[in-house]
Amino acid sequence: AGERDPNVEMENFLVCGDIMLDHNVFVEAEKLANEAPIPVFGLQKEEFTLGGCGNVVKNLRGLGCGSLHLFSAIGDDEAGRRISDALVKRLGVVSHLCVVDGYRTCVKRRYFCDNKIVFRCDTEVGLVVPSFAEEVEAVLKTASIDCIILSDYNKGVLTAQVCQDIIRLGTVYGVFTCVDPKQDYTKYKGCSLIKPNKKEACALLQMEAKTPLIELHKRIFELVGPKYSVITLAEEGITLYDGATMIHERTGARKIIDVTGAGDIVCAILGYFMHSPAVVPSKVLQLATRIATKSVEFPGTYTLTRGDLLPLSKVVEVSAIRSLKSGSRIVFTNGCFDFLHSGHIHLFKFCKALGGTVVLGLNSDDSVSRLKGSTRPVNLLQTRLDVLEAIHYIDWIVVFEEDTPLRVLEELRPDVLVKGGDYAAETIVGKEFAGEIRICSFMEGVSSTATIKKIKES
């Protein structure tokens, strides 16, 4: 997206806003209560995760950014300590959390039954946090920050003065400022990008819901003067306006389970890509729309991974897989797979049982012809890919033009290289680039060549 190579040096972000603790409780209905006609729920599990601007931080970390600085406020209470100790430190964030006396950390408790949200119970009180603009400037002076994200939930951290101070600092230090707004838009005047949803935009701009989107964007430009105005439209997608052209990216149909955090995901993706001088806004919008649409299929808040940046197809370049290798065991096997048979499925199952990510190296049509003869492949590359992509044991497919996967193995350097039982370990090409070699037992009499011969003789 945005013509940005996911393997370049990771960039650094500074996030300011209202942090909160999301407490998700999963229950199941067991019976009706004796004392009233109400269901009795049994607790299945509960989880705690970062909410508010913390969800933006979590998603930036999931995308694989470099250093992350977080400015927010918490109370001197259990929820605040859980945010600071168990969550923020675990993400490796440089924390600039302000502990405010007498303040109760904002907690949002969501109760799910059968993966559907039943109700929500909030703990929150307003607060006013002293300006931390000086601390932000100290970071900008000493760290190479690529983007500042202001995530405003109207809980008191991002006052009008704080917003203006930070946006001014972004301008002074040449740092892109991305805003997820909540209040009077004039407090964000001068930011680089602003991202309201349509309902917020209409309410704050005092414009009717049927107002053409281009008019909403133009009014935002008048009040804020950003480089980009982005309006999210729920199931209707996302629009972006750069002062001259409006782009509208629409969503595909999805089953909606929980919309919590979808806006934070869009904000994280916009901040992650849009600050680049080489950005292609239409591609970023396509990516943000696709992932935000995917996120609403999950209960609770969905967290981005670098895998979300890859195309929907399983067919990728080696470089894309290498960017995802951290923390994941890579299992590699290869072949022509011209006529898929039970021996191939046996091989794929063997690979997946080893654990981790299964990468399949696939010979191109020219490569198969050189190896098998001019009458092969019977099934051309796209047909073979269509079949292989449908096999759930396979995670990624890399097509190579050479006769052997030596180049792929040298670049990928898998943890495990798997070959069929008709190979001797010492003869395996590229074995020096794998952590270990595993031989999958060979199924006698089962091969593409034998299948083709049988068809010809019948």
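Begin with the whole chain in view: 14 helices and 18 strands make up its secondary structure. The model is a predicted one.

**The whole chain**

With every C-alpha atom displayed, the chain fills a box of roughly 80 × 65 × 45 Å along the principal axes. The chain has 458 residues, and 48% of them are buried. Displaying the surface brings up an accessible area of about 21,300 Å², with 51% of that area belonging to carbon and sulfur atoms. Colouring by charge picks out 53 positive and 58 negative side chains, the centres of the two sets lying 2 Å apart. Of the contacts between residues at least 6 apart in sequence, 67% join residues at least 24 apart.

**First stop: helix α3**

Select residues 133-142, which form helix α3. Which residues of α3 are buried? They are Ala133, Val136, Val139 and Leu140. These residues lie on the same side of α3, because the arc they cover around the axis is only 120 degrees. An α-helix has 3.6 residues a turn, so residues three or four places apart point the same way.

Now turn to the other side of α3, where Glu134, Lys141 and Thr142 are exposed. To see what covers the buried residues of the helix, add its surroundings to the selection. The cover includes the strands β1 (13-17), β4 (68-75), β5 (94-100) and β8 (147-151), together with helix α4 (160-172).

**Second stop: Asn59 in helix α1**

Move next to residues 53-63, helix α1, and pick out Asn59 within the helix. Is Asn59 buried or exposed? Asn59 counts as buried, because its relative accessibility is 0%. Beyond its neighbours within four places in sequence, Asn59 is in contact with Ile265, Ala268, Tyr302, Thr303 and Leu304. Selecting these residues together with Asn59 displays the surroundings of this side chain.

**Third stop: strands β11, β12 and β13**

Select strand β12, residues 238-241. Ile238 and Leu240 point one way from β12, while Thr239 and Tyr241 point the other way, and all are buried. In a regular strand the side chains alternate between the two faces of the sheet.

Add strand β11, residues 228-232, which pairs with β12 in the antiparallel sense over 4 bridges. Thr232 has Ile238 of β12 as its bridge partner. The two strands form a hairpin with 5 residues between them, and Ala234 in the turn has a positive phi of about 55 degrees.

Then add strand β13, residues 246-249, which also pairs with β12 in the antiparallel sense over 4 bridges. Here Leu240 has Ile247 of β13 as its bridge partner. The hairpin of β12 and β13 has 4 residues between the strands, and Gly243 takes a positive phi near 95 degrees.

**Last stop: Lys419 in strand β17**

Finish at residues 416-420, strand β17, which holds Lys419. Lys419 is buried, because its relative accessible area of 7% falls under the 20% cut-off. What does Lys419 touch, leaving aside its neighbours within four places in sequence? Lys419 is in contact with Asn334, Ile428, Arg438, Ile439 and Cys440.

For a sense of scale, select Arg109 as well and draw the distance between the two C-alpha atoms. Lys419 and Arg109 are 50 Å apart in space and 310 residues apart in sequence.

Definitions and conventions:
Residues numbered from 1 in each chain as written. Predicted model: local features only at pLDDT ≥ 70, side-chain atom pairs only at ≥ 80, totals over all residues. Heavy atoms only, no water. Buried < 20%, exposed > 50% of the residue type's maximum accessible area, 1.4 Å probe, protein only. Arc of directions from axis to C-beta. Contact = heavy atoms within 4.5 Å. Areas by Shrake-Rupley, 256 points an atom, 1.4 Å probe, with all protein chains shown as cover. Lys, Arg positive; Asp, Glu negative; His and termini not counted. Charge placed at Lys NZ, Arg CZ, Asp CG, Glu CD. Pairing = 2+ DSSP bridges.
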